Amino acid sequence: MSAPDSAHAAAAGIRLASLPANIVELAALRSRSVDLGRLAAARGLALADFGHITAQSPGLTLSVRPRRWLLLTAAASGQGGATAWQEAAAGCGVAVDLSSALAALVLSGPAVRDMLARSCRLDLAAEAFPDGRAAATIMVQVSVILAALGGAMLLLTPATTARHVHEWLVTTSQPFGLALAPQLSPADLSGDNRV
Amino acid sequence: MSGPSRIARGLLTDPAKAVSFRFDGRTLQGLAGDTLASALLANGRRLLGRSFKYHRRRGIVTADKGEPCALVDVIGEAGREPNQPATAVLLSEGLHAVSQNRWPTLALDLLAVNDWLGRFLPAGFYYKTFMAPGWAWERVYEPLIRRAAGLGRLEGRLGDHAAPAEIVHDHADVLVVGAGSAGLTAALLLGSAGLRVLLAEQDIVLGGGTLLDARWTSWRADACARLASLPNVRCLPATTVLGAYGHGTFGALETLTAQERARFRGLRERLRVLRARRVLLACGAPERLIAFPGNDVPGVMLAGAAHAYLRRYGVAVGRRPAFFVNNDEGYAGALALAAAGIRAAAIIDARPDACAAARAREAGLEVLCDASVSGVLGRRSVRGVRVMLPDGVSRSIPADCLAVSGGHSPATALACQLGAPLRWQEAIAAFTADLPAAAGRSAGAARGIFGAAAAARDAEHAARALAAELARPAPEGAAWLPWPADPAATPVRALWEVPGRGKAFVDLQNDVTTEDVRLACREGYEHVEHMKRFTTCGMATDQGRSGGLVASAVLAAARGVPLSQVGQSRPRPFAEPVPFAALAGGEVGSHYKPRRRLPINDWHERAGATFVSTGLWLRPLVYSAESGWEPVLAEARAVRRAVGVTDVSTLGKIDVQGPDAARFLDFVYANSFSTLAVGRARYGIMLREDGMLFDDGTTARLGPEHFLLTTTTANSAAVLEHLEFHLQAVRPQLDVVLTDVCDQWAQFAVAGPRAREVVACLAGDLDLSNHAFPFMAAAEASLAGIPGRLFRISFSGELAYELAVPARGATAVWEAILAAGGPHGIRPYGLDALNTLRIEKGHVTTAELNGNTTAADLGCAHLLKKSGDFIGRTLAARPGLLGTDRLQLVGVRPADRSRRLRNGTQLVTSAARSASLGYVTSCTPSVELEGWVGLALLAGGRQRIGSRLLGVSPVHGETTELEIVSPHMLDPENARVRA
C-alpha cells in the first residue's frame, strides 16, 4: 500500500479462476443458531462467524447475513447437498440449494485488492479486510460477496450477471497483467492447497 | 533584451531533453519537465489568450491549476480539449495547443471591439438590454451572445472519443491534503504512529512552498524518502481533492503520468473516492491579486508565480520586473531573481516599512514603501508601471512585467464543506475556517500560520492531536531533519483596490471588474452570494481563487460595512473542472449497466432470437430476424393450435420457509394462503401500504412450512425488498426465512392443447391427468431426468405447465422439451408472442399493474380477504379508491376489424371532445380473434362494456371507433386451462 498503483508491475498479474461448487444456504430459525452450529459441527463443518469465512474439509463456510451461512463444497463431491441438509436441519434451520444461483470466482495475485478498488467501496486493504473476512457489497452495479482466504479473494455473484462481472474483471485486470487460471475447487482454498 | 526567457536550470526541467511543441501553428522548443506555460514564457511568449467578455489580451497569471487567464485548447488523439490551463499542461513531444476565444487571430481579434464598448456591457447587461421583442432572445440574442462570449469550444464530434476512465476507492485513517512543509510533517508523524495515511497533493511533486526555497531542499528530500519507506503511507501526487462530502468521504481527481497513461489504456484522469476517519487540511493559502487599472495586461502576474517559474523551470518572467506587494512573502521572487542576475525595476510595498524591505535593499534592490501601483503602462504587454508615492506624487517606472502579491487567503473550501464557519483574522487580512474536531484539523497556511517552519510546527501539533484521538499516539521526538528557520516577517497590510481610470479586475476569467461589483451593490445585490450570481464573479474554472476575497472587500466598501460582515461566497465542489468521463468512470460502453442473461441465453442466441432489454434482462423477443408481426403471430399460433415453449426464468422466485411462512404470506398477500393445500398453487395479489396494487403472481405450497412465491419480472427485486422490510420491521415476531432463488431456477412454460403430451414425455411416472394433476397443481418431479418442480399454471390461456429446474441443467431440459414436442410441432416463442397470448386472455402485466391501479380497477376485488389483516387493507378502503368512475380494465377492439390499435391511444366519446376517458395499455394483432385486440384502462370501464368509443392517437393522426369489451376476450370460462 505504500506505493502508488504504478508500482505494481504489469507482470505481477492477477489470476482469475472459476470455482464450480455446490452451494447451500443454511439459515437458522429463531434462536436456533446454536443448534444449527452443533448440527454442522457434527457433520464436520464449523459455521463461520458473521462477516467471516472458514475453510476446512470438505469445503468453505461463510456468513454475510445474520443467522445465515453459505456452504461451498466441491461440485462433483456429492457432499453437502441441500436436500440432505434440509432433512438434517428440520426444526432448527432451513437449507436452500443455490448452486445454480451463484457463480464463484477466485482472484489471486498481488494487485487483486488494487484492481477490485476500481469498483468496490469496501476497504480491502489487508489490515482492514484480512484473510478470513467476508462481506456482501455492490460492485459494477451488481451484488457480490467477497471473502479473503488463503491470500486469494473469493467472489460470489448472481449467476445471471456473472458474465457482466467477469467481463468487467477481465477488462479492469488487463493493466495489472491478467492470467486466466484453470478451474479451482473449494479444497484449493483451504489448508495446504491454498492458491 | 526584454521579456521572459530561460536563464537557469529548473528543479523540474531537464536541459538535455528538448521537446518540440506547437502553439497557434508555430513550432517551438521547450524542455522535458516544462509546462506549456513555462515553455511559452521561455520562448518569450506572453500573450496566450483573450478574455471571456471583453476579448482583452491575456497572459499568464499563476503557475498552477488555478490559472484564470492562460486557457488553451489542447488538440490530441482524444480530440480537442478546451479550457486547459497552460500552467498545468505538461509539455510532451508534439503537443499541439491553440489559443481560444479570438477571431481571426490571437494578435488581431476583431471581437476586441467589446472592450471599447465596455461601458455598455456591464455585469448583467443582457438581462436588461435584450428584453424585447421576447421571441428574439432564443433566436437572435442568445445565439449571438454565446458565439461572442465563452472560451474554448467543444469538439463537434461526440460519442466516439470517450476516453477510458475509472473511479478508484481509497481508504485511510487520515487523509492529509497538501504536501508542503505542513502536509509532509503531518504525514510523517501520522505514518510513524502506524496510522494509514493518504497524502494528496495537487502538484506533480511533493513539497509545496518548500520547492521555492533552496534551504528546504535536503529537508524535503529526506522527508519524501522517509515517507516512501513507510508502508502505511500512500502519496498521491497530481491529485486535487475536489470536495468534501461528509462522513469522511472526499472526491479527488488524479492526473496520470505518461507512464501510467500508457499502462491504463490512455487513461488521463482518475477519480478517486477517498474515505478517511479524519482529515488534516494542509492545503496552503493561494496568493491573491490587487485590483488596480490594467491588472490584467499580459505581463501582470502573481509574485509567487514569478518565483515558481524561476525555481521550477529556470524561467525569468521578465528582464526588468516590478513587484507590487503588501506582504513579506511577495519579496521572495524578487530576491530569487536578483540572485539569478535579474534585477527588479522596483518593489512597490503598500506598507510603511517591512523586514523584507530591508533584506531587499541589502540585495541592492529599490524598494518604494507606502506606495502603490495606480496603473500599468502598455496595452499589449507591460511596458512600465505608474506608482503613487506617499507624498502624492505619481512616478512611472519602466518594467517589462509586474509581479503582484495582495496577500494570501487560506484555502478554506474543504473546511467550509465540512461545516466549518469562516472567521475573519485581522492579522492576516483573511478568513480562516476551523474544522470541527470530529472531522479533523487544519494546519499551517490553511489556517493562517505562514512561514514554512511555523506551518510545519503547527502541523506537528495537529497531527499529534489526531494520532491521540485515533488511539495511536505518535512517538516522541521528531522523525525529520530540523526545519530551516523562517525569516523575520512584517505582517500583511490589507490592500484590495487601488482606484484609478480603467478597468480593474477582481475575476480575470469572467471579466468581472470592481465597477461590476459596485453596480451589483447599487442594484440591490448586496449579499455576497447575490453579487456572485449577478456578476458571475468566482464562477469560472478557477473558482475565484485569486480574486474572490478582493471582490468581497470591494463589496464591503460599497456597502460601508466591515469585510468580516460580508464574508465570502460559499465554496462548493468541484474545486476544479472534472471531465464527465472521469465522473462516469468505467461504467460506460458495455459496462454501462449490468446485463442479466437467461440460463440458456446461448441457446436462444444460436436459435437466432432477437433480444430485447427488459430492465436488466436480455430476453428473446421473437425467434426471427424478420421485422413485422408475422413471425410473432406464427409463434403465438403454434401455442393456440398445438404447443409452444417459452423461457420464463425472469420471473421473480422467492423461497419462503419457516413455521410462520403461511401467516406471513397471509399478511403480505391480499388473499389467503394459509388455506392452500400442499401440492397446490394459487394466484395472489399484493398491495402496497397505500392500498394500490403492487404485484401479482402464483405461489405454490411445497410443504407445510415451505412456499415458493413468484413475482412479475419487473417487480422481482422490489417485492423481495418489500417482504424483507415487513418481515424485519413490521412482523419481526414471525419465524420465516426468505431466500431469493430467482437465479437458481430456470423455468419454462409449455403451453398449448398438446402440452400434456409433451410434458408427459419428460415427467417420468407422474400422472398428469386432470384428476391427478389439475389446474394449479404443483409437485416435485424429475424432469428429463433432472430433479425439478412442475406447476400447472397458465399465462397464455391454454393448457400449460411450467417446468422449473436448477439453472445448470436448464439447457438439457429445454432441448428435451423441444425433442418431445417435435412430433407435435412445438415452437419456442418469445416475449412478443407471450404478450399476444396474454392480451387475448386479458392477463395484466406492468402496463396495467402500473402503480396507479387498485385490485378493483383490474377486476380482482373479489380476491381481497374479507377478514384478517394484510398490507394495504386499511388504505385500500379509501373512498377515492372505491369509486366506480375510476380507470378500470376493459378490452378494446376496433369496430372496423381491418383497423389497427396503438398503445397509448386515448379513449374519447367524440372526436370533438378532448377530455380523455382512458387509454389503451397493451394491444396486439390477434391469432384467435379477427383483427386487433387490446386492453385499456377506462373511466367507469366495466359499465361501458358493450358501448363504443373513439380511439384517438394524435401522434399518428388516427381516429378509430372502438368496441369496449370484457378484458377476457378468449375462453372466459377457462375451459382451455382446465382441459
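Which residues are exposed on the other side of helix 10 of chain B? The legends below address this point and others.

The structure is a predicted model, in which local features need pLDDT of at least 70, side-chain atom pairs count only at pLDDT 80 or more, and totals for chains, interfaces and linings use all residues. Residues are numbered from 1 along each chain as its sequence is written, while chains are lettered from A and ligands numbered from 1 in the order in which they are written.

**View 1. Buried and exposed residues of helix 10 of chain B (residues 355–362).** Helices (H or I, at least four residues) and strands (E, at least two) are DSSP runs numbered from the N terminus. The buried residues of this helix are B:A356, B:A357 and B:A360; a residue is buried if 20 or more other C-beta atoms lie within 10 Å of its own, exposed if 12 or fewer, and partly exposed in between, with C-beta atoms placed from the backbone. Because they cover an arc of only 105° around the axis, the three lie on the same side of helix 10 of chain B; the arc is that of the directions from the helix axis to the C-beta atoms. On the other side, B:R361 and B:E362 are exposed. The cover over the buried residues includes helix 9, strand 18 (346–349) and strand 19 (367–368) of chain B. After helix 10 of chain B comes B:G364, with a positive phi near 90°.

**View 2. Packing of helix 8 (residues 303–313) and helix 9 (residues 331–339) of chain B.** These helices pack at an angle of about 35°, with their axes 7 Å apart; axes are lines fitted to C-alpha atoms, for helices over the stretch in contact, and angles run from 0 to 180 degrees between N-to-C directions. Helix 8 of chain B contributes B:A303, B:G304, B:A306, B:H307, B:L310 and B:R311 to the contact, and helix 9 of chain B contributes B:A332, B:G333, B:A336 and B:L337. Two residues are in contact if their C-beta atoms, placed from the backbone, lie within 7 Å. The residues of this contact divide into six nonpolar, three polar and one charged (Ala, Val, Leu, Ile, Met, Phe, Trp, Tyr, Cys and Pro count as nonpolar, Asp, Glu, Lys and Arg as charged, and the others, Gly among them, as polar).

**View 3. The side of chain A that touches chain B.** In this interface, 36 residues of chain A are in contact with 39 residues of chain B. Helix 4 of chain A supplies the largest share of the chain A side, five residues.
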